[in-house]
Amino acid sequence: MPRLGGGDWCCLLLGCIFAEAVVQRATCGSCRPLQPGVALIVLRSGSHRSSLRRYALPLLIVAWLGSGCHTASPLLGRDAGARFDRRTDVDLSPNDGDAPCLPTPPQQPLRPLSGELYYEQIGLGGIALGEAAVAVGPNGDALLVDTGNTSHAATVSRRWIALTAAMAPNAPNHHVLLTHYHADHVDALAKIIDGIGARPRLIWRGAVDLSAVKAGTFETMCAAAKRLPHASLCLARAAALDCSATVRSQSCPGLGWGNLDVEGDSGPSYLSLGKARLDIIAVNGTIGSHRFEVDVSPFGTELNDENGRSLVALLRLGDFRLLISGDLTGGGKGTPNVETFLLSHLPSDVVGAVGVDVLHLGHHARETSNNQQWVERMLPADGYSRNAIVGASTGHIGSPYASVLDRVSTAGATPRLGEGRIWTTTVAPLGATHRDLVDARLGSIRIRTTLGGRAYFIQAIGADERVLASETYASVASKLANCPRPSSQRPARCNVSDCQAP
Ligand SMILES: [Zn+2]
């Protein structure tokens, strides 16, 4: 056997890379430039450069064409995967008729996509407190959830314009929802209406029950509200908007108005965002015919009594569910325990035993909110992976709270979120850090369903649009629905339908 020199060994290695590239090119569709990097390292370290020259260029070209993919590589030992449609993220590989495989987390910032539900918790800086989020439905209809403070108007408007332009429907049916009437949630309304040049329909409780609201905040917001079509959930359907009113509501009939865009409809109220929808669960301490102020105690005039009136709603597409609750209080620090009250009347067809996939932590993850029962119901510790998100601004000193992070992260000695995490737009001064916390550092938290809601991506995007973290999770209901067989009989690479016992 002839003795091989250094250049021969290098060429042999390049040949292996070439062969691998050919195999990978034939078996997968999503690429990353790994092999050229390896080849370049070989080129730089080779001692017999003259014998390399003849092979290097063609091999590099072939390696580039076939470079990296999700498919298992015996040579480089990467994880097994599947073939994905680059536009829709849908797994195209055959898998014995089971649910498709869980797509690889995207390495680009998420954006709205036709057929899927998108949600973005916007990072808000400066010294003013603020929180805002934008959801975009599968058809391009959009929903602004709270507005942030006046100083945040430009940031929120810019994100709204970018997100609605990404998938502009012919006849957009946009909405803005105000969870409650504190400045960090409503002050930017007028400026945003001007900034986005649109007239979304306003969903709020109406000009009622203002005992814990600052007069100036409400007057400014209400003047802006007059410029919008609106659904005032705690007033009669035809009631005119009177900003000077000091009405005490007796009920919230709007919780039974069915599709809020259909005049005269009835049933549990909701908004359509194409095939996605936002179910309105509670507002003003009212759920169905049950009222906190009647059954437990009247709200007072402190700031947290207004928080207790926050609107609670479930955003969903297919199996995917995300719960928002504004600054709803749960009894912490002596606040009204509306969370526990709502749990006792929560319809099981809205949030069943499986809880939700993503829980927006109330009141910027402060100790007033997210009580033990609430967290256990929304994020049951059953071994499945779920996630929590926090909308905090620089001004929310102390958010997120360590006690809340601990409660969400663990149930006794076991992890509550499975492989899920807690994603925050920022850690405010004096806010806690935690091993499960992902900090977008004043960027944004972006979520988009895939496979029609059977799974979802979640990302932390820095203020410079860099992807700081990107993960994929199966929606819990999808896992449950797709588990007719024990895990031992399922394809190992398919974890949307992973049936492993929790
Ligand atoms: Zn707030």
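Nine strands come together in an open sheet of mixed pairing, ordered β7-β8-β9-β12-β13-β14-β15-β18-β19. Two strands count as paired if DSSP finds at least two bridges between them, and strands themselves are DSSP runs of E with at least two residues, while helices are runs of H or I with at least four, all numbered from the N terminus. At the edges sit β7 (257–259) and β19 (437–439), each pairing on one side only. On average, neighbouring strands here are turned by 25 degrees against each other, direction ignored; the axes are lines fitted to C-alpha atoms, and angles run from 0 to 180 degrees between N-to-C directions.

A word on the model: it is predicted, so local features need pLDDT of at least 70 and side-chain atom pairs count only at pLDDT 80 or more, whereas totals for chains, interfaces and linings use all residues. Residues are numbered from 1 along each chain as its sequence is written.

Back at the sheet's edge, β18 (residues 422–424) runs parallel to β19, joined to it by three bridges. Ile422 faces Leu437 of β19.

Now to helix α6 (residues 189–196), where Leu189, Lys191, Ile192, Ile193 and Ile196 are buried, meaning that 20 or more other C-beta atoms, placed from the backbone, lie within 10 Å of a residue's own (12 or fewer is exposed, in between is partly exposed). Their cover includes these elements, with contact meaning C-beta atoms, placed from the backbone, within 7 Å:

| Element | Residues |
|---|---|
| β3 | 142–147 |
| α4 | 153–165 |
| α5 | 183–186 |
| α7 | 215–225 |

Just after α6, Gly197 adopts a positive phi of about 60 degrees.

Methods: Two residues are in contact if their C-beta atoms, placed from the backbone, lie within 7 Å.
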